[in-house]
Amino acid sequence: MAKKLKYGIIGCGGIAMQKHLPSISTLDDAEPVAFCDLVVSRAEKANQDFGGGKGKVFTDYRDLLKEDLDAVFVLTPNDSHSEISVAALNAQKHVMCEKPMAKSYAEAKAMLAARDKNKKLLTIGYQGRYRPDSLFLKQECEKGALGEIYFAKAIALRRRAVPTWGIFLNAEKQGGGPLIDIGTHSLDLALFMMNNYEPHYAVGTTYHKLNKDKNTGNAWGDWDPKLFTAEDSAFGFIVMKNGATIMLESSWAMNITWERENACALAGTKGGAEMLKNGDLLLNGVKNGKLYNLSPLLGAGGVAYYDGRNDKPADVEARVFRDAIRGKGKLYVQAEEALAVTRILEGIYRSAASGKPHYFDEE
């Protein structure tokens, strides 16, 4: 067996403990050996639970980066993604950074520049791409089954599921609310399926309509109105350079009943597709003069990277990153693609703030 890859974990909160570390533990040739968090008890717990108590614990990521590591996972609040990723790349580590890539387009570009300068791998945690419905739909799009995809909806709608822990509600730390938190996943899927990363302009609106509510019925308990400075919902209308249109819908709290997130719907010249709430996929079109709907049996296996529904997207993400480090495959999420997502999200926020369309060529 090849020598085990050594990973460093920067940020040992929920996304580390619930997604990345469990997925790393499914690999037999990679292991976390260094753990960093501003709250030392969190780093110590991560070390105990996933490092067998044998790893090193840090409270300053700069000290962790001095270690002999193959790769670093950046799992911190959004406002430090760029700073830490750039430092890790400059320290000659490969980087897996959680979504979104960064708070701003400028910060994301700095990450890309550091990657190119140091010739290291940089990928972003858009694990929704590895779901069975996403993988099947991507194959259909690549085959041209939908024809020219000229319209898409990126859907990230929750009725009452505001994350009340950590600094999620802090607009300054996170760069925004549901748009940058869950809207980023849905926009990534839409752009990926369309293979279209060149925006022309965006019109955006953000709302703070429910932030001050009490007795909210929220999935994770009532939020503190004093801390809820991010928007509760946001919407974007994006026109791409080739004329295609994308509508982005996002909310943490909204009076709706059609919740769905990490999903997209596509309309092309030959057919369309819709990701359904239960994880199924609905394709549509016309055959023999009749309309048809088609739902593939995604649990049957046979899709790239998959053998049934039990293979968690995060586990596949971990394997793809591991393989790319070993030179046995390519990254499935390219940093250039994530850069375009961040650029568009920033354009929507800027439009919402100015009340005017944001033209990307004028940046």
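**Close-ups of strand β4 and a helix pair**

**View 1. Strand β4, covered on both faces.** Strand β4 spans residues 71–74, and neither of its faces is left open: A71 and F73 are buried on one side, V72 and V74 on the other. Keep in mind that this is a predicted model. In a regular strand, side chains take turns pointing to one face of the sheet and then the other. That is the pattern to look for here, with A71 and F73 sharing one side and V72 and V74 the other.

**View 2. β4 and its partner β1.** Here β4 is shown with strand β1, residues 5–10, which runs parallel to β4 and is joined to it by four bridges. Look for V74 of β4: the residue standing opposite is I10.

**View 3. β4 and its partner β5.** Strand β5 covers residues 94–97 and also runs parallel to β4, again with four bridges between the two. F73, one of the buried residues of β4, has M96 of β5 as its bridge partner. To get from β4 to β5, the chain passes through helix α4 (residues 81–90), making a right-handed β-α-β crossover.

**View 4. Helices α1 and α2 crossing.** Now for a helix pair: α1 (residues 14–24) and α2 (residues 40–50) have axes that come within 11 Å and cross at roughly 40°. The crossing is right-handed. On the α1 side the contact is made by M17, L21 and P22, while α2 brings K45, A46, D49 and F50. Sorted by class, that gives five nonpolar residues, two charged ones and no polar ones.

Notes. Residues numbered from 1 in each chain as written. Predicted model: local features only at pLDDT ≥ 70, side-chain atom pairs only at ≥ 80, totals over all residues. Heavy atoms only, no water. Buried < 20%, exposed > 50% of the residue type's maximum accessible area, 1.4 Å probe, protein only. Pairing = 2+ DSSP bridges. Right-handed = clockwise from strand over helix to strand, strands pointing away. Axes fitted to C-alpha atoms, helices over the stretch in contact; angles between N-to-C directions. Left-handed = near helix turned anticlockwise from the far one by under 90°. Contact = heavy atoms within 4.5 Å. Nonpolar A, V, L, I, M, F, W, Y, C, P; charged D, E, K, R; others polar.
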